[in-house]
Amino acid sequence: MDVRVRYAPSPTGLQHIGGIRTALFNYFFARANGGKFILRVEDTDRERYSDESLEDLYSTLEWLGIKWDEGPVVGGPYGPYIQSERFDIYREYAQRLVDEGKAYYCFCTPERLEELRKEQAASKSEYQGYDRHCAHLSDSEIKELLRQGIKPVIRFRVPTEGKTTFHDILMGDITRRNRDISPDPVILKSDGFPTYHLANVIDDHLMKITHIMRAQEWIPSGPLHVLLYEAFGWEVPQYCHLPMVMGKDGQKLSKRHGSTAVRDFRAKGYLPEAIINYVTLVGWSLDGETEFFSKEDLEKCFTMEGIHKAPAVFDYKKLDWFNGQYIRQADNARLSSLIAPYLEEAGYVSKPLTDSDKALVEKIVPPVKERMKVLSDVVPLTAFLFEDNAVTDKAIYIAKGSDETKTGEALRKGSCILLSGLKGGEKEEVIEEKLSSLAAELGIKVNGVFQPIRVAITNSTVSLPLFDSIRLLGMDETEKRLARAVKLFEEN
RNA sequence: GUCUCCCUCGUCUAGUGGUUAGGACAUCGGGUUUUCAUCCCGACAACGCGGGUUCGAUCCCCGCGGGAGAUGCCA
């Protein structure tokens, strides 16, 4: 049997880490088993639906490089793959259950249901859920209510006796007494759209899905879905419920933990390979040792056996580490083009890069590469090139173990050594050597000379390496800034 | 309230009826370095608790505790 799996998001929000992890697991499982990966859009909630979400779904998957074999845009033999376009299918199947007495019309108002829920919650009653008020309406009663123009929902009749079991590849058998299953859930809403339970079961069957990999939050609905499959007389697919992704506090990962939308990570300058690598490792491992995986690796070695059962906390710091690793591995040409937008946005370079901007960006890459955790770090790292906020506090120039006089001296003499050396085409090591000698001469540590020079040139104690900074700044500007610092120490 | 699931360092995890319980991130310390970063080395740090079963349990069983999820005309 060929493996067919699907990712079936609801376009009611931006694609987030948890969702994308589910997509990745499904995608990798399909690839590793020579199966098909299907994308299905579950847009049955028209209240929360948004076009933006749908666009975000496509653009996020594209950015990550996840291609679906069947689904929207690309089509496939079991389409359409957008549930709102399958409207009639669900109505038909729901009606079939009604005709067979396995489901029934319900005319209860949302208000009544709300009231019911409130009462049950207040009384801490053991029984929670719908009271099956409309379960036994007669044909004439139904006719009358329909005549009054009340739009009914269709509810699925859940048995009150017995129990239902489904098998989960990770968890084993999971059994619920039928009386504990949500009593007679709505399967078709009054607007004619199906709820998740109905649409999901019908589509998974019609699309011949073999393995359902979805988040563990669906475990409690498992038995209900089995009951639905049985009501239709369909074979139940294999289940594999994925551990949830949590925030630092152990709650389901959400916005209050930080960014969760993949789009936000992309905007901050995370690389798709870092996201893929790290996110896949949340709740899955190959051997506990290997930690670098390319998408291509995972397409080969992903296994269900490696999926963990317990929920996992999403560690932003570890993602940062992975991202830094991938930035360092990336080739410079690629980094140039990745970095450019951040510099453009900061107003540091012109929007369509001029030739000289381009050359500058290329020169920026090597020194900055070792220092970025995210691509947007390039802005603060190179700000000194584009904004000149001179440091006027002398204390900042003075290194540990030095003093004002010696620092002034280091600046004055150091500038000369540096400038004449550079102009004379001396090697950096030679100039470095001379500056070190100067430090010895002044009786201070090497940094006593380098720090003030660096502060003068980069306007910061924390900066790119001195010679890199000069190369990027240019001789004229370097000379100007050095002179200004020398002057600062000559005052008083 | 009820139901279901889960439980190895702070975090992600490996692992076995007998191991110095392994790796990674984070943290701390050290080295390289003109600062920062990178890189390298090292340290800290875990089997939730209580009963069994067993010569021996982190591992098997039971209970407890803790955590999470579900309980919608949301998915």
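**Notebook: RNA strand B, the largest pocket and some local geometry**

I began with the surface near RNA strand B, which by class has 26 nonpolar, 16 polar and 25 charged residues. I counted Ala, Val, Leu, Ile, Met, Phe, Trp, Tyr, Cys and Pro as nonpolar, Asp, Glu, Lys and Arg as charged, and the others, Gly among them, as polar. The model is predicted, so I note that local features need pLDDT of at least 70 and side-chain atom pairs pLDDT 80 or more, while totals for chains, interfaces and linings use all residues. Residues are numbered from 1 along each chain as its sequence is written, chains are lettered from A and ligands numbered from 1 in the order in which they are written, and side-chain values use heavy atoms, with hydrogens and water left out.

**RNA strand B**

I looked up which residues surround the strand. There are 67, and the closest are Gln128, Lys189, Gln251, Glu370 and Arg371. Near here means that a heavy atom of the residue lies within 4 Å of the strand. Of the strand's atoms within 4 Å of the protein, 71% belong to sugar or phosphate, and the rest belong to bases.

I then went through the elements, where helices (H or I, at least four residues) and strands (E, at least two) are DSSP runs numbered from the N terminus. Helix 11 (316-329) is among the elements that supply at least two residues each to this surface, and helix 11 gives the most, with 5 residues. Others that supply at least two include helix 4 (110-123), strand 4 (153-156) and helix 18 (446-458).

I also noted three individual atom pairs. The backbone of glycine 283 places a polar atom 2.7 Å from a phosphate oxygen of RNA strand B. For tyrosine 196, a backbone N or O atom is 3.2 Å from a phosphate oxygen of the strand. Glutamate 42 uses its side chain: a polar atom there lies 3.3 Å from a sugar or linking oxygen of RNA strand B.

**Largest pocket**

I recorded a volume of about 1,100 Å³ for the largest pocket. Its lining has 39 residues, of which Pro9, Ser10, His16, Gly19 and Glu217 are closest to the centre. On a 1 Å grid over the protein atoms alone, a pocket is an open set of points where a 1.4 Å probe fits, with protein on both sides within 12 Å along at least five of seven lines; lining residues have an atom within 4 Å of a point. Points are joined across faces, edges and corners, and the volume is the space filled by probe spheres set on them.

By class, the lining has 13 nonpolar, 15 polar and 11 charged residues. Strand 1 (4-7), helix 1 (17-32), helix 6 (196-206) and strand 8 (211-215) supply at least two residues each. Helix 1 gives the most to the lining, with 4 residues.

I checked the domains next; their bounds come from an automatic or database assignment. Domain 1 (4-71 + 246-313) and domain 2 (84-242) each give at least three residues to the pocket lining. Chain A is also assigned domain 3 (330-376) and domain 4 (394-490). The C-alpha centres of domain 2 and domain 4 are 75 Å apart.

**Backbone geometry**

I found a cis peptide bond from glycine 79 to proline 80, with omega near -5°. Proline 80 sits in the loop between helix 2 (51-64) and helix 3 (87-99).

Aspartate 184 is not a glycine, yet its phi is positive, near 45°. The residue lies in the loop between strand 6 (172-177) and strand 7 (186-188). Is aspartate 184 buried or exposed? Its relative accessibility is 1%, so aspartate 184 counts as buried (buried is under 20% relative accessible area, exposed over 50%, partly exposed in between, with a 1.4 Å probe and protein chains only).

Lysine 208 also has a positive phi, about 60°, and is in the loop between helix 6 and strand 8. Lysine 208 is partly exposed because its relative accessible area is 47%.

**Helix 7 and two loop residues**

Helix 7 (residues 222-232) is largely enclosed by the rest of the structure, because 10 of its 11 residues are buried. Among them are Leu224, His225, Tyr229 and Phe232. Glycine 233, just after helix 7, has a positive phi of about 80°.

Proline 11 lies in the loop between strand 1 and helix 1 and is buried, at 5% relative accessibility.

Serine 259, in the loop between strand 10 (245-246) and helix 8 (262-268), is buried at 15% relative accessible area. Its side chain makes a polar contact of 3.0 Å with that of lysine 268 (a polar contact is a pair of N or O atoms within 3.5 Å; within protein, one must be able to donate a hydrogen and the other to accept it, and residues adjacent in sequence count only if both atoms are side-chain atoms).
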